[in-house]
Amino acid sequence: MAVAEFQYGLFYKYRAFGEPDSRTREHLRALLIDRQMYFASPREFNDLFDSRPSFVRGNPEDDRKAVESAVFETLRESLNERGLPVVTKRKAIKERRFRNEVNRIMAIMNDPAARQREFYESLHGNTGVFCMSAAWDIPTQWAYYADNGRGLCIEFDVTQECGFNRLYRVKYEEARPMLNMARLIARAKGAADELHSAVLSKAPSWSHEVEYRAMYNSMGVQEYPAGMLKSIILGPMCSAEDELWLRNLIAESCLDGVSLERAQTSDEDYSFSRVRCGPES
């Protein structure tokens, strides 16, 4: 399995304005002015299959050996941290505590419900994702995520120089990603890529979103690099009140170099165009 590569270029975040003084409005202000991206847990996604791979088992003997190696490595690291002598793997395997831990993990792997619960709690609790699109002119995106065109679309310019090395392309495939839990627990070669694939794979029915994901090893707010915010595109149905709020925010915060534009719908087909907003637009 190929290792996912960092992606660079122009990417877009569709957002609603929300009501004045609402949490949505405050999060929008933080994103634009304080450069704060909120990395959400995959459990917050609207796709029921998102980040939920199909689990596969290997040879039972190989799986157990992989788990034993992983448990021993955890034990060895713990002993090293406490300055205690490190036992050999052969000696460790004979200890009841060691065998109990291996048996506990194997029981989880043999129970489909427990296996999924363990995986999802670990992944969803230790992975933060910020979703973007490669296009600003997708009608369904304006509808789903930008309040039926009353919201806005934020354009980010992600370059290698800016240091935002955490953006990946989502792949749309018929086959659901498969994950071998024993290989993951044992940190086997290629297992991390399999886990990555589980978070970066969706069904073809979602391909219209042309999604890219910035990923972090925890949920919550992270600051993105200065200069990455390039343009703000108002939706075709954006209200005068929301536009005024945004203009005042830009003026007060001195967002030099950030272009304010408006998306317009075509009278002839299903396309959009962008026009720069003038002082009195």
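1. A residue counts as buried when its relative accessible area is under 20%. Phe39, at 1% relative accessibility, is therefore buried. Please keep in mind as you read that this is a predicted model.

2. Phe39 is a good place to start, since its ring has a partner. The ring centres of Phe39 and Tyr216 are 5.8 Å apart and the planes meet at 50°, so this pair is tilted. Phe39 belongs to strand β2 and Tyr216 to strand β10, so the pair ties together parts that lie 177 residues apart in sequence. Tyr216 has 25% relative accessibility and counts as partly exposed.

3. There are more rings to look at: a search of the whole structure gives 10 aromatic pairs. In one of them, Phe6 and Tyr168 have ring centres 5.4 Å apart and planes at 50°, so that pair is tilted. Phe6 sits in the segment before β1 (9–15), while Tyr168 is in strand β6 (residues 167–169), so parts 162 residues apart in sequence are tied together. Phe6 is partly exposed, with a relative accessible area of 38%, whereas Tyr168 is buried, with 11%. You can also find an aromatic cluster formed by Tyr14, Trp136, Trp142 and Phe272.

4. Next, have a look at helix α9. Its 14 residues (240–253) should span 20 Å at 1.5 Å a residue, and the C-alpha atoms at its ends are 20 Å apart, which agrees. Just after α9, Cys254 takes a positive phi of about 50°.

5. Which residues of α9 are buried? They are Asp242, Glu243, Leu246, Arg247, Leu249 and Ile250. Viewed down the axis of α9, these buried residues fall within an arc of 160°, so they line one face of the helix. As background, an α-helix has 3.6 residues a turn, so residues three or four places apart point the same way. The face of α9 turned away from the buried side carries the exposed residues Ala240, Glu241, Ala251 and Glu252.

6. What do the buried residues of α9 pack against? Their partners are α1 (23–33), β5 (152–158), β12 and β13 (259–265). Leu246 shows this in detail: leaving aside neighbours within four places in sequence, Leu246 is in contact with Phe17, Leu32, Leu152, Ile232, Leu234 and Leu260.

7. Leu246 also features in the largest nonpolar core, which has 31 residues. Leu32, Met37, Phe156, Phe164 and Leu246 are the members that touch the most others. Two or more residues of this core come from each of α1, β2 (36–39), β4 (128–133), β5, β10 (211–216), β12 and α9. A second, separate core holds 23 residues, among them Phe45, Val102, Ile105 and Val199. In soluble globular proteins, nonpolar side chains tend to be buried together.

8. Finally, a polar residue worth finding on screen is Ser231, in strand β12 (residues 229–234). Is Ser231 buried or exposed? Ser231 has a relative accessible area of 3%, so this serine is buried. Its side chain makes a polar contact of 2.8 Å with the side chain of Glu155. Not counting residues up to four places away in sequence, Ser231 touches Cys153, Ile154, Glu155, Val258, Ser259, Glu261 and Arg274.

Key: Residues are numbered from 1 along each chain as its sequence is written. This is a predicted model: local features need pLDDT of at least 70, side-chain atom pairs count only at pLDDT 80 or more; totals for chains, interfaces and linings use all residues. Side-chain values use heavy atoms; hydrogens and water are left out. Helices (H or I, at least four residues) and strands (E, at least two) are DSSP runs, numbered from the N terminus. Buried means under 20% relative accessible area, exposed over 50%, partly exposed in between (1.4 Å probe, protein chains only). A polar contact is a pair of N or O atoms within 3.5 Å; within protein, one must be able to donate a hydrogen and the other to accept it, and residues adjacent in sequence count only if both atoms are side-chain atoms. Contact means heavy atoms within 4.5 Å. The expected span of a helix is 1.5 Å times one less than its number of residues. The arc is that of the directions from the helix axis to the C-beta atoms. A nonpolar core is a set of buried Ala, Val, Leu, Ile, Met, Phe, Trp, Tyr and Cys residues joined through side-chain atoms within 4.5 Å. Rings of Phe, Tyr and Trp (its six-membered ring) pair if their centres lie within 6.5 Å; planes under 30 degrees apart count as stacked, over 60 as edge-to-face and the rest as tilted.
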